[in-house]
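This report considers how strands pair and how charged side chains meet in one protein chain. Please examine the sequence and the structure before reading on.

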Amino acid sequence: MPEPTSEFRPTASESPGGSPPEVIEHAADWPLPNRDNAATRAVFDSPIDSSNVHRLEVAWTAEVPGGSTWGNLATTPLILGNRVYVAGLDGGVQAIDRKTGEVLWTTGRRGGMYGPSGVVVGWGKVFATKIGWRQRGQLIAAYDAETGEEIWATDITGGDLSEINVQPFAYNGLVYAATSGFPAGARGTIHALDQATGEIVWSFATVEDEDLWGNPSINSGGGAWYPPALDTETGTLYFGVGNPYPFPGAPGWPAGSSRPGDNRWTSGTVALDAATGELRWGFQAFPHDIFDRDHVLVTLAHAQDHGLDRDVLVTAGKGGVAFGHDPATGEVLWRTSVGQHQNDHLESFDKPVEVMPGAQGGMVTPVAAADGVFYAVVVNAPSFYESDQVASGGEGTQLFTRPSNAVAIDIATGDIVWDVEIVSQFPDVPAADAFGGMTVVNDLLFTSTFFGELLALDRATGEIVWHHQAKGATNGWPAVADDMIIYPIGLVDEPGIPHLLALRLKP
């Protein structure tokens with residue numbers, strides 16, 4: 001079997017600026033949550049392609065015991081040289097040998113997170129969410145990358161009962177993470193921490209109104225659920241922002257009436273100065289959102305890398321709509337709706353309604369970009385709502401009832417290149433919702449369905465060209481390095497244990 005391209009050598013010395021030294025050294029692996037700073041999830045230096053994908057076979061599995069609301073691995077692992085790093089929704093963090101799957105160390109206090117979550121590596125450290133006194137994700141911790149020993153831990157929730165669910169991101173001596181704006185009284189906030197000390201350098205509340213639109217005892221929202229895209233040339237971070245809460249309403253407050261106005265910057269995007277946290281621009285895909293349309297996904301297409309006339313930032317989320325933006329100003333260049341939609345245009349309603357996409361639908365897992373094309377999977381799961389009732393955590397969502405879609409969109413124009421259904425392979429399941437995100441590997445797209453169907457699609461047509469059935473369910477997304485692809489398998493029937501599944505090309 002091929003050896004990793006280089007050894008992992010953690011270093012505590014800070015590079016003069018820019019990406020952590022480990023990320024620079026292992027750029028050909030999968031050193032960041034979405035592989036690169038621009039969050040493209042695209043790999044072109046792997047030998048895996050449509051001519052040999054059928055030769056992928058199991059290289060190893062590595063147990064990642066634990067569990068939470070959505071299993072234990074709603075994340076992507078990181079690959080740096082001979083190491084793989086991963087964090088579970090229970091707060092555990094592991095280092096794994098890339099060649100053998102041997103667990104090298106395990107750390108972290110155990111509890112439970114909603115997710116998604118994960119790790120980022122830099123300056124000799126692994127940064128991850130740590131469980132706090134409420135047995136939820138409350139702190140960002142730094143662990144020694146070689147030994148797993150805790151170096152520092154900082155509570156970024158501010159005492160307002162917020163939680164951390166996002167996978168951290170690292171750049172220019174800072175570690176970026178966010179609270180998720182829940183429960184009542186919490187404003188989702190993005191924080192930048194000093195990588196050496198854990199000190200909070202700056203904070204940016206994604207809910208602009210400090211008074212939470214007049215009802216802080218009821219309202220909350222915002223925050224970030226996924227890592228940002230970064231434009232290293234301008235030093236701009238692009239974060240997708242979660243929904244306002246409660247939704248669709250609350251007793252005595254139908255259809256979001258407890259929070260009048262646009263509720264900015266919820267269900268939108270903020271562009272921040274990476275060094276200072278200053279807002280450069282903000283955008284709302286869904287002002288005064290009443291249907292949990294977290295607009296949390298971003299990817300940056302640089303013209304020189306994608307054959308475009310200009311750079312384009314693509315944003316997307318659970319509302320089932322993708323937007324192309326001018327990265328400098330936020331100007332909307334195009335708007336494209338994907339998947340199935342029903343009643344999602346309502347601003348108010350007085351009887352129960354079925355809304356699609358629902359609270360766990362739309363584009364809910366990471367997207368990808370390559371060669372001027374944007375790729376996403378779309379979950380067509382409706383939710384049932386009553387106007388004056390509080391919904392949360394996907395409550396009332398009808399999962400596994402409709403096929404998902406995989407879509408390709410021209411980044412320059414917003415035109416749909418192709419749109420195909422992903423149909424369940426199980427006769428007794430009407431639909432196996434695709435929560436596996438999108439990952440480009442040469443002429444292939446990798447994704448997966450909840451019930452453990454790992455899929456490769458032809459990038460030109462969307463046709464499924466490879467299938468592997470994992471031994472468990474997955475709502476995480478893979479990492480790719482050289483001839484290996486590593487999937488998180490987070491929900492497994494006992495006596496099985498959640499695990500990473502590494503597939504490698506058979507010689």
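Does Asp45 count as buried, partly exposed or exposed? In this predicted model, Asp45 has a relative accessibility of 41% and therefore counts as partly exposed. The limits are under 20% for buried and over 50% for exposed, with partly exposed in between.

**Salt bridges**

Side chains of opposite charge can pair when their charged atoms come close. The count of salt bridges in the model comes to 15. The table lists three of them, including the one formed by Asp45.

| Acidic residue | Basic residue | Closest N to O distance |
|---|---|---|
| Asp45 | Arg35 | 3.0 Å |
| Glu146 | Arg83 | 3.0 Å |
| Asp273 | Arg280 | 2.7 Å |

Asp45 forms its salt bridge with Arg35. The pair links distant parts of the chain, ten residues apart: Asp45 lies in the loop between strand 1 and strand 2 (56-63), and Arg35 in the loop between helix 1 (21-25) and strand 1. Arg35 has a relative accessible area of 10%, so it is buried.

Glu146 and Arg83 also meet in a salt bridge. This pair links distant parts of the chain, with the two positions 63 residues apart in numbering: Glu146 is in the loop between strand 9 (137-144) and strand 10 (150-155), while Arg83 is in strand 4 (residues 83-87). Glu146 is partly exposed, because its relative accessibility is 38%. Arg83, at 8%, is buried.

In the salt bridge of Asp273 and Arg280, the acidic residue Asp273 is buried, with a relative accessible area of 14%, whereas Arg280 is partly exposed at 37%. Elsewhere, Asp292, Asp294 and Lys318 are joined into one network by salt bridges that share partners.

**Strand pairing**

Strands of a sheet pair through backbone hydrogen bonds, either parallel or antiparallel. Here, five strands form an open sheet with mixed pairing, in the order 1-33-34-35-36. Strand 1 (42-43) and strand 36 (464-469) are the edge strands, each pairing on one side only. Within this sheet, three bridges join strand 33 (residues 439-441) to strand 34 (residues 444-448) in the antiparallel sense. Thr439 stands opposite Phe446 of strand 34.

Which strand is joined to strand 5 by four bridges? The partner of strand 5 (residues 93-97) is strand 6 (residues 103-107), and the two run antiparallel. Ile96 has Val103 in strand 6 as its bridge partner. The hairpin of strand 5 and strand 6 has five residues between the strands, and Gly101 in this hairpin takes a positive phi near 85 degrees.

Key
Residues numbered from 1 in each chain as written. Predicted model: local features only at pLDDT ≥ 70, side-chain atom pairs only at ≥ 80, totals over all residues. Heavy atoms only, no water. Pairing = 2+ DSSP bridges. Salt bridge = Lys/Arg side-chain N within 4 Å of Asp/Glu carboxyl O. Buried < 20%, exposed > 50% of the residue type's maximum accessible area, 1.4 Å probe, protein only.
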